[in-house]
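This report covers the fold, the core, the largest pocket and a few single residues. Keep the sequence and the model in view while reading.

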Amino acid sequence: MTGVPASAAGGSPGAHRAAGVPQGAAPGAAGEPEDGARGPRGGKITAAAVNQASVWNIANLLTMLRLMLVPGFVALMLADGGYDPAWRSFAWAAFAIAMITDLFDGHLARTYNLVTDFGKIADPIADKAIMGAALICLSALGDLPWWVTVVILGRELGITLLRFVVIRYGVIPASRGGKLKTLVQGIAVGMYVLALTGWLATARFWVMAVAVVLTVVSGLDYVRQAIVLRRRGIAERAAASEETEA
(Lines give C-alpha, C1' and ligand atoms only; values in the text may rest on other atoms or scores of the structure.)
Protein backbone atom coordinates (compact mmCIF):
# COMPACT_ATOMS: atom_id res chain seq x y z
CA MET A 1 0.00 0.00 0.00
CA THR A 2 1.67 3.19 -1.18
CA GLY A 3 2.50 5.77 1.46
CA VAL A 4 1.81 3.45 4.48
CA PRO A 5 4.73 2.53 6.75
CA ALA A 6 5.77 -1.09 6.82
CA SER A 7 4.91 -1.32 10.52
CA ALA A 8 1.28 -0.48 9.78
CA ALA A 9 1.06 -3.14 7.08
CA GLY A 10 2.67 -5.72 9.32
CA GLY A 11 1.54 -6.97 12.73
CA SER A 12 2.96 -4.37 15.10
CA PRO A 13 1.15 -3.89 18.46
CA GLY A 14 0.53 -0.23 17.72
CA ALA A 15 -1.12 -1.06 14.42
CA HIS A 16 -3.43 -3.62 16.05
CA ARG A 17 -4.36 -1.20 18.84
CA ALA A 18 -5.21 1.44 16.29
CA ALA A 19 -7.43 -1.07 14.53
CA GLY A 20 -9.12 -2.09 17.78
CA VAL A 21 -7.38 -5.47 18.12
CA PRO A 22 -5.91 -6.35 21.53
CA GLN A 23 -2.16 -6.55 21.79
CA GLY A 24 -0.88 -10.01 21.10
CA ALA A 25 -4.07 -11.14 19.35
CA ALA A 26 -3.71 -13.28 16.27
CA PRO A 27 -4.26 -11.67 12.89
CA GLY A 28 -7.69 -13.29 12.50
CA ALA A 29 -8.86 -12.84 16.10
CA ALA A 30 -12.13 -11.19 17.16
CA GLY A 31 -13.53 -11.48 13.66
CA GLU A 32 -10.81 -9.25 12.25
CA PRO A 33 -9.58 -10.14 8.73
CA GLU A 34 -5.92 -10.75 8.22
CA ASP A 35 -3.78 -7.71 7.48
CA GLY A 36 -3.09 -8.97 3.97
CA ALA A 37 -6.81 -8.94 3.23
CA ARG A 38 -7.49 -5.69 5.01
CA GLY A 39 -4.54 -3.74 3.54
CA PRO A 40 -5.72 -3.42 -0.07
CA ARG A 41 -9.14 -2.16 0.96
CA GLY A 42 -7.60 0.33 3.33
CA GLY A 43 -5.16 1.37 0.61
CA LYS A 44 -7.99 2.04 -1.84
CA ILE A 45 -9.89 4.10 0.72
CA THR A 46 -6.77 6.09 1.59
CA ALA A 47 -5.89 6.67 -2.07
CA ALA A 48 -9.42 7.81 -2.83
CA ALA A 49 -9.32 10.24 0.09
CA VAL A 50 -6.00 11.67 -1.10
CA ASN A 51 -7.26 12.07 -4.68
CA GLN A 52 -10.47 13.69 -3.49
CA ALA A 53 -8.56 16.18 -1.33
CA SER A 54 -6.06 16.96 -4.08
CA VAL A 55 -8.81 18.19 -6.41
CA TRP A 56 -9.03 21.41 -4.39
CA ASN A 57 -5.59 22.74 -5.24
CA ILE A 58 -4.56 26.09 -6.71
CA ALA A 59 -4.10 24.72 -10.23
CA ASN A 60 -7.61 23.26 -10.37
CA LEU A 61 -9.09 26.38 -8.78
CA LEU A 62 -7.58 28.47 -11.59
CA THR A 63 -9.05 26.06 -14.13
CA MET A 64 -12.49 26.34 -12.50
CA LEU A 65 -12.13 30.13 -12.55
CA ARG A 66 -11.60 29.99 -16.32
CA LEU A 67 -14.70 27.88 -16.73
CA MET A 68 -16.77 30.32 -14.68
CA LEU A 69 -15.43 33.25 -16.71
CA VAL A 70 -16.90 31.87 -19.95
CA PRO A 71 -20.57 32.80 -19.39
CA GLY A 72 -19.52 36.15 -17.90
CA PHE A 73 -17.34 36.86 -20.92
CA VAL A 74 -20.18 36.07 -23.34
CA ALA A 75 -22.57 38.32 -21.42
CA LEU A 76 -20.08 41.19 -21.52
CA MET A 77 -19.36 40.67 -25.22
CA LEU A 78 -23.03 40.79 -26.17
CA ALA A 79 -24.08 43.54 -23.74
CA ASP A 80 -25.77 46.55 -25.35
CA GLY A 81 -25.77 44.94 -28.77
CA GLY A 82 -22.14 43.88 -28.61
CA TYR A 83 -20.63 47.10 -29.94
CA ASP A 84 -20.24 49.26 -26.84
CA PRO A 85 -16.50 49.98 -26.32
CA ALA A 86 -16.85 49.98 -22.54
CA TRP A 87 -18.49 46.56 -22.37
CA ARG A 88 -16.00 45.20 -24.88
CA SER A 89 -13.18 46.44 -22.61
CA PHE A 90 -14.67 44.52 -19.68
CA ALA A 91 -15.00 41.46 -21.92
CA TRP A 92 -11.35 41.83 -22.90
CA ALA A 93 -10.38 41.92 -19.21
CA ALA A 94 -12.25 38.65 -18.59
CA PHE A 95 -10.60 37.08 -21.64
CA ALA A 96 -7.15 38.29 -20.54
CA ILE A 97 -7.62 36.83 -17.05
CA ALA A 98 -8.60 33.50 -18.61
CA MET A 99 -5.53 33.48 -20.86
CA ILE A 100 -3.19 34.43 -18.01
CA THR A 101 -4.53 31.72 -15.70
CA ASP A 102 -4.11 29.24 -18.56
CA LEU A 103 -0.38 29.98 -18.49
CA PHE A 104 -0.10 29.34 -14.76
CA ASP A 105 -2.36 26.42 -13.85
CA GLY A 106 -0.53 23.81 -15.92
CA HIS A 107 2.86 25.06 -14.74
CA LEU A 108 1.75 24.95 -11.09
CA ALA A 109 0.29 21.47 -11.48
CA ARG A 110 3.50 20.06 -12.96
CA THR A 111 5.91 21.95 -10.69
CA TYR A 112 4.19 21.15 -7.39
CA ASN A 113 2.83 17.71 -8.32
CA LEU A 114 -0.79 18.86 -8.35
CA VAL A 115 -1.81 16.91 -11.44
CA THR A 116 -5.25 15.30 -10.99
CA ASP A 117 -7.71 13.45 -13.20
CA PHE A 118 -10.06 16.42 -12.90
CA GLY A 119 -7.37 18.80 -14.10
CA LYS A 120 -6.48 16.59 -17.06
CA ILE A 121 -10.09 16.75 -18.26
CA ALA A 122 -11.13 20.24 -17.17
CA ASP A 123 -8.03 22.17 -18.30
CA PRO A 124 -8.37 21.53 -22.06
CA ILE A 125 -12.14 22.04 -21.81
CA ALA A 126 -11.61 25.43 -20.17
CA ASP A 127 -9.04 26.43 -22.80
CA LYS A 128 -11.30 25.59 -25.71
CA ALA A 129 -14.42 26.98 -24.03
CA ILE A 130 -13.08 30.52 -23.60
CA MET A 131 -11.42 30.60 -27.02
CA GLY A 132 -14.46 29.09 -28.71
CA ALA A 133 -16.81 31.52 -26.98
CA ALA A 134 -14.68 34.48 -28.09
CA LEU A 135 -14.44 33.33 -31.72
CA ILE A 136 -18.16 32.53 -32.01
CA CYS A 137 -19.14 35.86 -30.46
CA LEU A 138 -16.83 37.78 -32.79
CA SER A 139 -18.17 35.97 -35.85
CA ALA A 140 -21.77 36.39 -34.73
CA LEU A 141 -21.17 40.14 -34.36
CA GLY A 142 -19.60 40.29 -37.81
CA ASP A 143 -16.13 41.27 -36.57
CA LEU A 144 -14.44 38.05 -37.69
CA PRO A 145 -15.18 35.89 -40.75
CA TRP A 146 -16.86 32.59 -39.90
CA TRP A 147 -14.28 30.61 -41.86
CA VAL A 148 -11.58 31.75 -39.43
CA THR A 149 -13.65 30.50 -36.50
CA VAL A 150 -14.31 27.19 -38.26
CA VAL A 151 -10.61 26.66 -39.09
CA ILE A 152 -9.40 27.39 -35.55
CA LEU A 153 -12.10 25.46 -33.70
CA GLY A 154 -12.00 22.61 -36.20
CA ARG A 155 -8.27 22.27 -35.69
CA GLU A 156 -8.59 22.30 -31.88
CA LEU A 157 -11.34 19.69 -31.78
CA GLY A 158 -9.62 17.55 -34.42
CA ILE A 159 -6.30 17.46 -32.60
CA THR A 160 -8.05 16.66 -29.31
CA LEU A 161 -9.80 13.67 -30.91
CA LEU A 162 -6.54 12.62 -32.56
CA ARG A 163 -4.79 12.57 -29.19
CA PHE A 164 -7.45 10.19 -27.84
CA VAL A 165 -7.20 7.95 -30.90
CA VAL A 166 -3.44 7.42 -30.59
CA ILE A 167 -3.21 7.49 -26.79
CA ARG A 168 -2.89 3.68 -26.77
CA TYR A 169 0.46 4.12 -28.53
CA GLY A 170 1.68 7.09 -26.48
CA VAL A 171 1.14 10.77 -25.74
CA ILE A 172 1.72 13.49 -28.32
CA PRO A 173 3.69 16.20 -26.47
CA ALA A 174 2.92 19.87 -26.91
CA SER A 175 5.27 21.29 -29.52
CA ARG A 176 6.84 24.73 -29.64
CA GLY A 177 4.72 25.49 -32.67
CA GLY A 178 1.60 24.60 -30.73
CA LYS A 179 2.59 26.81 -27.82
CA LEU A 180 3.40 29.69 -30.16
CA LYS A 181 0.05 29.16 -31.88
CA THR A 182 -1.75 29.45 -28.55
CA LEU A 183 0.08 32.67 -27.68
CA VAL A 184 -0.56 34.34 -31.05
CA GLN A 185 -4.20 33.19 -31.04
CA GLY A 186 -4.72 34.75 -27.63
CA ILE A 187 -3.18 38.06 -28.73
CA ALA A 188 -5.15 38.14 -31.99
CA VAL A 189 -8.50 37.30 -30.42
CA GLY A 190 -7.85 39.77 -27.62
CA MET A 191 -7.22 42.52 -30.17
CA TYR A 192 -10.50 41.68 -31.92
CA VAL A 193 -12.41 41.71 -28.63
CA LEU A 194 -11.31 45.30 -28.06
CA ALA A 195 -13.04 47.97 -30.14
CA LEU A 196 -9.88 49.05 -31.97
CA THR A 197 -9.72 51.59 -34.77
CA GLY A 198 -7.08 53.01 -37.13
CA TRP A 199 -3.76 51.25 -37.53
CA LEU A 200 -4.47 48.95 -34.58
CA ALA A 201 -7.49 47.57 -36.40
CA THR A 202 -5.24 46.89 -39.39
CA ALA A 203 -2.55 45.34 -37.19
CA ARG A 204 -4.98 42.90 -35.60
CA PHE A 205 -5.90 41.59 -39.07
CA TRP A 206 -2.28 40.59 -39.72
CA VAL A 207 -1.85 39.13 -36.24
CA MET A 208 -4.94 36.98 -36.83
CA ALA A 209 -3.55 35.96 -40.22
CA VAL A 210 -0.36 34.73 -38.51
CA ALA A 211 -2.49 32.91 -35.93
CA VAL A 212 -4.45 31.10 -38.65
CA VAL A 213 -1.24 30.04 -40.43
CA LEU A 214 0.25 28.75 -37.17
CA THR A 215 -3.01 26.97 -36.41
CA VAL A 216 -2.90 25.05 -39.70
CA VAL A 217 0.85 24.35 -39.68
CA SER A 218 0.97 23.17 -36.06
CA GLY A 219 -2.13 21.06 -36.68
CA LEU A 220 -0.46 19.31 -39.61
CA ASP A 221 2.63 18.73 -37.45
CA TYR A 222 0.48 17.03 -34.79
CA VAL A 223 -1.02 14.79 -37.48
CA ARG A 224 2.51 13.85 -38.59
CA GLN A 225 3.50 13.07 -35.00
CA ALA A 226 0.38 10.95 -34.54
CA ILE A 227 1.14 8.90 -37.67
CA VAL A 228 4.75 8.33 -36.57
CA LEU A 229 3.64 7.43 -33.04
CA ARG A 230 1.05 4.96 -34.32
CA ARG A 231 3.49 3.26 -36.71
CA ARG A 232 6.11 2.99 -33.97
CA GLY A 233 3.59 1.55 -31.54
CA ILE A 234 2.37 -1.04 -34.03
CA ALA A 235 5.96 -2.03 -34.85
CA GLU A 236 6.86 -2.39 -31.16
CA ARG A 237 3.79 -4.54 -30.50
CA ALA A 238 4.58 -6.74 -33.48
CA ALA A 239 8.18 -7.18 -32.28
CA ALA A 240 7.03 -8.01 -28.77
CA SER A 241 4.56 -10.55 -30.14
CA GLU A 242 7.27 -12.24 -32.19
CA GLU A 243 9.57 -12.46 -29.16
CA THR A 244 6.77 -14.01 -27.12
CA GLU A 245 6.06 -16.63 -29.78
CA ALA A 246 9.78 -17.40 -30.09
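Of the 246 residues in the protein, 35% are buried (under 20% relative accessible area with a 1.4 Å probe, protein chains only; exposed is over 50%, and partly exposed lies in between). The model is predicted: local features need pLDDT of at least 70, side-chain atom pairs count only at pLDDT 80 or more, and totals for chains, interfaces and linings use all residues. Residues are numbered from 1 along each chain as its sequence is written, and side-chain values use heavy atoms, with hydrogens and water left out.

**Fold**

The protein has nine helices and zero strands. Its pattern along the sequence is α-α-α-α-α-α-α-α-α. Helices (H or I, at least four residues) and strands (E, at least two) are DSSP runs, numbered from the N terminus. Contact means heavy atoms within 4.5 Å. Among contacts with a separation of 6 or more, 71% join residues 24 or more positions apart.

**Core**

The largest nonpolar core has 30 residues. Such a core is a set of buried Ala, Val, Leu, Ile, Met, Phe, Trp, Tyr and Cys residues joined through side-chain atoms within 4.5 Å. Phe73, Met77, Phe95, Val189 and Met208 have the most contacts inside this core. Two or more residues come from each of α4 (58-78), α5 (85-111), α6 (117-140), α7 (146-165), α8 (176-193) and α9 (199-245). Helix α6 gives the most, with seven residues.

Val189 shows how these pieces meet. Leaving aside neighbours within four places in sequence, Val189 is in contact with Phe95, Met131, Ala134, Leu135, Leu138 and Met208. Apart from the largest core lies another, of seven residues, including Tyr169, Tyr222, Ala226 and Leu229.

**Pocket**

What lines the largest pocket? The lining has 43 residues, and Asp123, Pro124, Asp127, Arg163 and Ala174 lie nearest the pocket centre. About 1,700 Å³ of space lies inside. On a 1 Å grid over the protein atoms alone, a pocket is an open set of points where a 1.4 Å probe fits, with protein on both sides within 12 Å along at least five of seven lines; lining residues have an atom within 4 Å of a point. Grid points are joined across faces, edges and corners, and the volume is the space filled by probe spheres set on the points.

Helices α4, α5, α6, α7 and α8 each supply at least two lining residues. Helix α6 gives the most here, with 10 residues. By class, the lining has 19 nonpolar, 12 polar and 12 charged residues. Ala, Val, Leu, Ile, Met, Phe, Trp, Tyr, Cys and Pro count as nonpolar, Asp, Glu, Lys and Arg as charged, and the others, Gly among them, as polar.

**Helix α6 and the turns**

Helix α6 has 24 residues. From first C-alpha to last it reaches 34 Å, close to the 34 Å expected at 1.5 Å a residue (1.5 Å times one less than the number of residues). Ser139 lies in α6. Ser139 is buried, at 4% relative accessible area. Beyond neighbours within four places in sequence, Ser139 is in contact with Leu144, Pro145, Trp146 and Thr149. Just after α6, Gly142 takes a positive phi of about 85°.

Asp80 sits in the loop between α4 and α5. Asp80 is not a glycine, yet has a positive phi of about 55°. Most residues other than glycine have a negative phi. Asp80 counts as exposed, at 59% relative accessibility.

**Three helix residues**

The table pairs each residue with a partner in space.

| Residue | Partner | Sequence separation | C-alpha distance |
|---|---|---|---|
| Val148 | Ala209 | 61 residues | 9.1 Å |
| Leu78 | Arg88 | 10 residues | 8.4 Å |
| Ile100 | Gly186 | 86 residues | 9.7 Å |

Val148 is in α7. Val148 is buried, with a relative accessible area of 4%. Not counting residues up to four places away in sequence, Val148 touches Met208 and Val212.

Leu78 is in α4 and counts as partly exposed, at 42%. Leaving aside neighbours within four places in sequence, Leu78 is in contact with Cys137 and Leu141. Ile100 is in α5 and is partly exposed, at 45%.
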